[in-house]
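Here is a short set of exercises to work through with the sequence and the 3D view side by side. Try each task before you read its solution.

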Amino acid sequence: MPIVLENVSYTYQPGTPFAAAALREVSLTVKSGELVGLIGHTGSGKSTLIQHCNGLLFPQAGRVTVDGLPVAPKSKDLREIRRKVGLVFQYPEQQLFEETVELDIAFGPKSLGLGEAETRRRTRWAMGMVELDEKLAGASPFSLSGGEKRRVAIAGVLASRPKYLILDEPCAGLDPQGREEMLRQLRRLNEKGLAILLVSHSMDDVARLVRRLVVIHQGRILYDDPVRQVFARAAEMAELGLDVPEVMKLMLLLREKGLPARQDILTAEEGQEEILRVLSHA
Amino acid sequence: MIEIRDLHYCYENGTEAIKGADLTVPDGEFLAILGHNGSGKSTLARHLNGLLLPASGEVLVDGLSGRRPEDAWRLRQRVGMVFQNPDNQLIAASVEEDTAFGPENLGLAPELIRRRVDEALAGVGMAEFKDKAVHLLSGGQKQRVAIAGVMAMRPKVLVLDEPTAMLDPRGRREVMAAALRLNRDEGITVVHITHIMEEAALADRVAVMAAGRLAMVGPPREIFHQIKALRDLRLDVPLAAEMAWRLRERGVPLPEGILTSAELAVALCPLY
Amino acid sequence: MLKDITVGQYYPGQSFLHRLDPRAKIIGLALYMTALFLVRRLAGFGYVAVFTVLLIASSGVPPKVALKGIKPIWPLLAFTLVLNFFLTPAGEVLWRWGALKVTDAGITRGIFMTLRLVLLLNATALLTLTTTPIRLTDGLERVMGRLRVPMAHELAMMMTIALRFIPTLIEETERLMKAQTARGADFERGGLIARAKSLIPLLVPLFVGALRRADDLATAMEARCYRGGEGRTRLRPLRYQARDGAALLLAGGLLALTVADRYWLRWLN
């Protein structure tokens with residue numbers, strides 16, 4: 001069963017001079033176990049879209065369902081929907097509030113009304129999932145490093161045992177090493193069966209992780225294709241002012257100079273092989 | 001001119017953040033300081049305007065030292081500093097009022113403040129936003145206002161302490177363009193702290209910090225040529241430099257010192 | 001709900017009120033408030049109300065915007081009204097239920113107090129609606145300085161910073177509410193204690209964030225050569241104009257009228 005958005009439209013402050021359409025008839029499906037990237041720049045509607053997936057916003061037109069449960073204002077399934085769809089906001093470390101790491105992570109399971117033993121079990125499990133040292137369980141979350149805090153926050157969402165995990169810019173503010181680490185952990189979570197929707201304005205990060213890429217632009221879904229196909233349209237995307245990864249730019253430049261290089265290149269390794277292939281045919 | 005001589009600095013808890021750094025930055029240079037989180041790069045930057053004082057060694061800007069109380073305020077006027085978080089460094093509610101904050105502290109006459117505010121905002125391309133509320137601006141715009149606020153004090157040195165780390169790609173480009181323009185057109189010395197390689201590649205010189213020491217200093221072409229050394233320091237390399245290195249390793253006769261995709265494409269063309 | 005607060009909001013314009021020196025407006029408001037509390041008959045409220053209506057009309061601020069400030073405080077108004085109804089001992093008893101009684105004096109007093117609050121709120125809202133935050137704090141700093149209020153500059157600087165950060169903190173609160181709701185928090189269910197407890201996941205991060213901001217801001221201010229009010233100049237220094245004198249005369253006139261009404265004039269009785 002999937003998360004399904006059908007023709008969803010949403011406008012902020014409708015009927016006022018400040019009305020701003022954020023989503024225009026957006027349709028999107030995220031299946032269980034999938035790993036999807038969602039790309040768009042600031043103001044493209046991506047954060048409005050993800051808030052529809054767990055009932056923080058409700059569609060003004062169209063329909064959203066999670067595993068068949070309708071996402072609607074007074075729905076009695078809202079709690080269950082929010083449990084199924086874990087949402088990690090940008091800079092999630094800013095929402096930590098408890099005295100210890102363990103208590104903070106336990107906030108979700110406790111809100112679900114789970115018993116002490118189960119809460120404890122889940123907390124430990126979630127810490128393991130983000131590779132947090134068990135010794136940190138009793139530490140104050142405010143004493144940790146930036147990267148560790150972020151992992152505590154993600155564990156706090158994982159502890160509710162969601163089926164889908166949506167992350168808004170999980171790599172924001174991390175240095176290259178921290179980013180690499182974060183992407184590796186997300187891949188591992190996906191391998192354990194969690195569906196992941198990774199939201200970013202950096203295609204470089206997303207390209208390394210996902211198989212399917214959704215590009216959103218001015219509230220509309222522009223592409224929803226396997227990542228390679230999206231990359232093959234580098235020229236179109238650059239024209240729209242979307243940010244294109246460096247390797248895409250390189251392949252595009254080579255094509256412009258008359259080298260018959262393929263455009264659906266994702267990584268430096270692939271780029272290297274493709275250039276060698278082109279040169280050897282010269 | 002900035003002179004850093006055998007700088008050491010310890011945090012209150014005793015950890016040594018900077019373990020001996022020597023660096024001279026001539027007037028008008030655009031210097032990038034690279035390093036991952038915790039390498040000591042921001043700590044080094046905060047010595048440049050006397051926000052932090054060395055445990056031992058010396059930091060001088062045009063002969064001014066933060067150690068001497070009579071120099072401290074002249075030093076802060078001469079070395080402007082912009083910080084990472086765009087939301088936490090603007091003081092007044094409107095763009096113009098915020099930009100005026102520095103000159104007001106210097107006790108300048110109202111007409112002079114007006115002229116400096118207008119010039120500083122024009123210098124970062126924010127003149128048309130002068131009456132806007134700062135909380136309505138984008139991240140890139142906020143950082144440009146922060147730069148204008150510093151420029152209105154007429155500094156000779158602009159220290160940018162990871163100003164792009166919290167921005168989206170568009171905001172990053174805006175801030176970099178503003179900093180480069182101030183350096184090229186107005187001769188401002190810029191010290192830009194970042195962990196983004198593509199930004200460092202635009203500098204005249206790159207200093208790489210690791211574990212409290214300056215591990216490498218040199219022009220970007222020399223620094224990014226040392227792919228292996230950078231890897232050992234767990235830093236990224238601009239994609240084009242890395243690609244050129246990989247291709248050379250595989251026997252493609254490419255010249256050294258390639259930094260950008262455009263340069264690489266030009267170099268590959270005659271080989272096809 | 002957070003968006004209904006009008007005190008502290010500025011409504012751009014070029015009216016007489018907008019162009020007045022903030023000091024004149026602050027002193028004028030003080031005179032107005034004194035007048036308001038001297039009034040003790042309905043007719044007196046008439047003068048003040050007419051004056052207020054004229055002010056709103058001349059300000060160019062749409063009446064709907066000017067009056068919006070009352071919305072968030074209506075429970076307070078209702079409370080004032082009821083409390084005065086029941087707790088005024090004097091006067092003729094109109095209605096009695098056990099220990100509770102309502103007197104004619106109580107009704108008059110309740111209505112008067114409520115009117116005072118409404119008028120006071122409107123006048124204050126009008127001050128902030130027609131004065132940019134920076135001019136308002138400048139004006140306060142100068143008025144307080146003249147009255148030898150200690151730390152006048154520091155208080156004004158605190159206000160400047162508060163006005164700058166209120167929108168940021170409102171945004172942050174909304175973002176945190178969403179983030180904690182996504183983790184299963186419920187801010188609307190349960191009794192009073194459960195609701196108060198549910199605010200902890202909101203208040204702690206908000207507080208921690210505010211401290212971090214304060215720290216960053218202090219560093220940024222220091223880096224921009226801030227060292228207190230000593231020797232500071234302003235981009236737009238305040239200068240009294242003829243219209244400021246006229247405005248103060250008008251406000252003084254209102255006060256004189258209410259004083260006269262209270263002690264000598266009886267023609268409306």
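A friendly reminder before you start: this is a predicted model.

**Exercise 1. Work out how much of chain A is buried, and how its contacts are spread along the sequence.**

Solution. Start with burial, where the cut-off is under 20% relative accessible area. By that test, 57% of the 282 residues in chain A are buried. Next, take contacts between residues at least 6 apart in sequence: in chain A, 61% of them join residues at least 24 apart. Finally, look at the surface: chain A exposes about 11,600 Å², and carbon and sulfur atoms supply 50% of that area.

**Exercise 2. Describe the fold content of chain A and decide how its radius of gyration fits its length.**

Solution. First list the elements: chain A has 11 helices and 10 strands. Then compare sizes. The globule rule gives 19 Å for 282 residues and chain A has a radius of gyration of 20 Å, close to that value, so chain A is as compact as a globular protein of that length. Its C-alpha trace spans about 70 × 50 × 35 Å along the principal axes.

**Exercise 3. Do the same for chain B.**

Solution. Chain B comes to 11 helices and 9 strands. A compact globule of 272 residues would have a radius of gyration near 19 Å, and the 20 Å of chain B agrees with this. Buried residues account for 60% of chain B. For the charges, count 32 positive and 37 negative side chains; the centres of the two sets lie 2 Å apart.

**Exercise 4. Explain why helix H10 of chain B can be called largely enclosed, and find what covers it.**

Solution. Step one is to count: 9 of the 11 residues in H10 (residues 239–249) of chain B are buried, so this helix is largely enclosed by the rest of the structure. Step two is to name some of them: the buried set includes B:Leu239, B:Glu242, B:Trp245 and B:Arg246. Step three is to look for the cover. From chain A it includes helices H10 (246–256) and H11 (268–280), and from chain B helices H7 (197–200), H9 (227–232) and H11 (261–268). Just after the helix, look for B:Gly251, whose phi is positive, near 90°.

**Exercise 5. Characterise the interface between chain C and chain B.**

Solution. Begin with the residues: 29 of chain C are in contact with 36 of chain B. Then take the area: about 3,000 Å² is buried between the two chains, and carbon and sulfur atoms give 57% of it. On the chain C side, C:Arg164, C:Arg224 and C:Leu235 lose the most area to chain B, together 29% of what that side buries.

Notes: Residues are numbered from 1 along each chain as its sequence is written. Chains are lettered from A and ligands numbered from 1 in the order in which they are written. This is a predicted model: local features need pLDDT of at least 70, side-chain atom pairs count only at pLDDT 80 or more; totals for chains, interfaces and linings use all residues. Side-chain values use heavy atoms; hydrogens and water are left out. Helices (H or I, at least four residues) and strands (E, at least two) are DSSP runs, numbered from the N terminus. The radius of gyration is taken over C-alpha atoms; the globule rule is 2.2 Å times the number of residues to the power 0.38. Buried means under 20% relative accessible area, exposed over 50%, partly exposed in between (1.4 Å probe, protein chains only). Contact means heavy atoms within 4.5 Å. Accessible areas come from the Shrake-Rupley method with a 1.4 Å probe; for residues, only the protein chains shown count as cover. Buried area is the accessible area (1.4 Å probe) that two parts lose on being put together, summed over both. Lys and Arg count as positive and Asp and Glu as negative; His and the chain ends are not counted. The place of a charge is taken as NZ of Lys, CZ of Arg, CG of Asp or CD of Glu.
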